[in-house]
Each structure stands twice: as structure tokens, then as C-alpha cells.
Amino acid sequence: MSFWSRFGKPIIIAALLGLTALVLFSASGRLEIPFFSSGIRFLSRPLTGLTQGLVDNARTYLIKRTYDQDLEAAFLQLSEEHEALKAEVLALSEASEENKRLLEQQKYIDTTPEHDFHAARVIGRHPDSSYMELVIDQGAKQGIRKWDPVVTAKGLIGYIVDTTDSTARVCTLLDTRCSVSGLVERSRDNGLVRGNMISGSNGDPCRMEFLPFDALLVPGDRVITSGMDQLMPKGLVIGNVTQISRNQGVTPSFASIQPAEDILRVENVLIMVDGTSEGKPDRLPIPTATPSAAPKASPTPAPQGGP
């Protein structure tokens, strides 16, 4: 076995240990070897620069990473606060809108001292789209009874058709089963206002039927309750005439009515509780058309017998 094969590895290890010891002693100042120290500094300068660069980059990365984490946490917190503020603004907006409606109702109550009212909220609608009914959060325990008129500050909504202890169903003017005696305020023409709307249809919301043959109503006329059905008090606003359909272009067959209130979007209502349901009809009377005055035919004299 050759010398190098036998002693090469221990010699290299010893040389490295000795070099390491010289570097440490030279760096600590305990051993001053000018030529060796200068060489060490010369050889270590690139390594020192590389190490310093790595340290600086690592520090920059860690700082940036910490900053990004802090920024992300701040963003998430601001996002949560923003959503909370949005919800608060929405709640305040809803409260403001409801406050406006309640103020309008109170103004209507103050200007209608001849009636007693009970306020209610709309809490549901009839599940069958064929019926235009509302469900309100007041019932028999609060004094609500069948046939009580339901209104808003803008006009008539409908009337109560059924109650539980704490809720009631309202048959609205849009419902095809609803009928109310109406009066054209300007021309004083009487008729029957009926619901004509089925959910999803584009027909007339209401129609005024059984008009007199010589009715003088025109689009824009306001229609109010006449009180002739013994169900509604006289003078409640129903809506306005939008169109008139005539038979053979002369006599009116019916008038289209747009309710004064947006019944499909109503949220707060008033129930008139000053009347009594006793004696009110189970079904509204259906009036017949009132013909205009026609000249009476003069009787034809009987022929005289011959002499």
C-alpha cells in the first residue's frame, strides 16, 4: 500500500484543522501573521460579501413577509368592518323608510279623526298566486274583525276576510274575488270596482263595471268608495281611471282602474276598527247598470170606429 493511500486522509484532515485554527487565531488577534492574515482577508472578502448579501436578502424577505401578513390581516379586519357598516347602513335605511311610512300613516290618522285605526305590518302573502291576499300581524285579540277596511295614507288596500288570534287575511283590491262599490268623484257615476289581477298577468289591476249608459268619466278621474255596499265608508280613495272600454264605441262597458297604493309592495297598513261586522253581508251585492233617462213613448190613440 502506498504512502498517500495510507496517510493521505489523515494529512488532509490535519491540514484543514490547522488552517481553521490559524484562521480563528488570526481573526481573534491572538496570532499575527502578516502575510497569512492578508491572504485570509483577501480570500474571505468575496465570501463575506456573499454572506452579507444573503443575510440582507433574508432580512428583507422576512420584513416584507411580516409586512404582507400584517397588511393582509389589516385588510381582512377592514373588510369585516366594511361589511358590518354596510349592514348597519342598510338597517338604518330600512328604519328610515319605515319611519317615513309610519309618519305618513300618523298624518293620515290625524286628518281623519272620524275613524279609529289599528296599525299592522304585512308579514306574508297567500301561497296560491291566484289570490291577491296579504297576511298582517294583527288579529282577533287586537280587535280586528271580518270586513274591516284596510287602508294606507294613499288609499284603500282591501278588507279583512278572515282572522286568527294574532293574524288576519286581507283580500286586496287586486283579487278577482274583491268587489267594492265605487264612485267617480268628478262625474258622480256609480259602479262596482272589482279585482282583475292574477299573479304574473299584465291585465288591468282593477275594473269598474256596471257603469251607467251615459257615464261621463274620463281617464284621470279619481274613484272613491261610495258607501252603497254597506261595507266600506264613503270617501276612501280607490284609484284613478286609466282607460275606458265602450260597447260599440258609445256606452262604457267598464273602466280600468289603477289603485292609488302600490298594493304588491305595501309593508305597513291601517285597519279601520270603528265599524261593526255585525249585519254586514257575507257577499257584496252586484249592482246592475243604471240606464240613462230615455223619452217615454207616447201612447197611440185607439182608432175610432166608423159610423
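**Note on a predicted model: strands E3 to E5 and two buried side chains**

1. In this predicted model, strand E3 (residues 149-151) runs antiparallel to strand E4 (residues 156-163), and three bridges join them. The two strands form a hairpin, with four residues between E3 and E4. Within this pair, valine 150 stands opposite glycine 158 of E4.

2. E4 also pairs with strand E5 (residues 168-172), in the antiparallel sense and over five bridges. Here too the link is a hairpin, and four residues join E4 to E5. Glycine 158 faces threonine 172 in E5, while valine 150 is opposite glycine 158 in the pairing with E3.

3. Aspartate 221 is found in the loop between strand E8 (206-209) and strand E9 (222-225). Is this residue buried or exposed? Aspartate 221 counts as buried because its relative accessibility is 7%, and the cut-off for buried is under 20%.

4. The side chain of aspartate 221 has two polar partners to look at: the side chain of arginine 186, at 2.8 Å, and the backbone nitrogen of valine 218, at 2.8 Å. Setting aside residues up to four places away in sequence, aspartate 221 touches Val184, Arg186, Leu216, Gly239, Asn240 and Val241.

5. Serine 226 sits in the loop between E9 and strand E10 (237-247). With a relative accessible area of 8%, serine 226 is buried. A polar atom of its side chain lies 3.3 Å from the backbone nitrogen of methionine 228. Apart from neighbours within four places in sequence, serine 226 is in contact with Ser181, Gly182, Leu183, Asn190 and Lys234.

Technical notes: Residues numbered from 1 in each chain as written. Predicted model: local features only at pLDDT ≥ 70, side-chain atom pairs only at ≥ 80, totals over all residues. Heavy atoms only, no water. Buried < 20%, exposed > 50% of the residue type's maximum accessible area, 1.4 Å probe, protein only. Polar contact = N/O pair within 3.5 Å; in protein donor to acceptor, adjacent residues only side chain to side chain. Contact = heavy atoms within 4.5 Å. Pairing = 2+ DSSP bridges.
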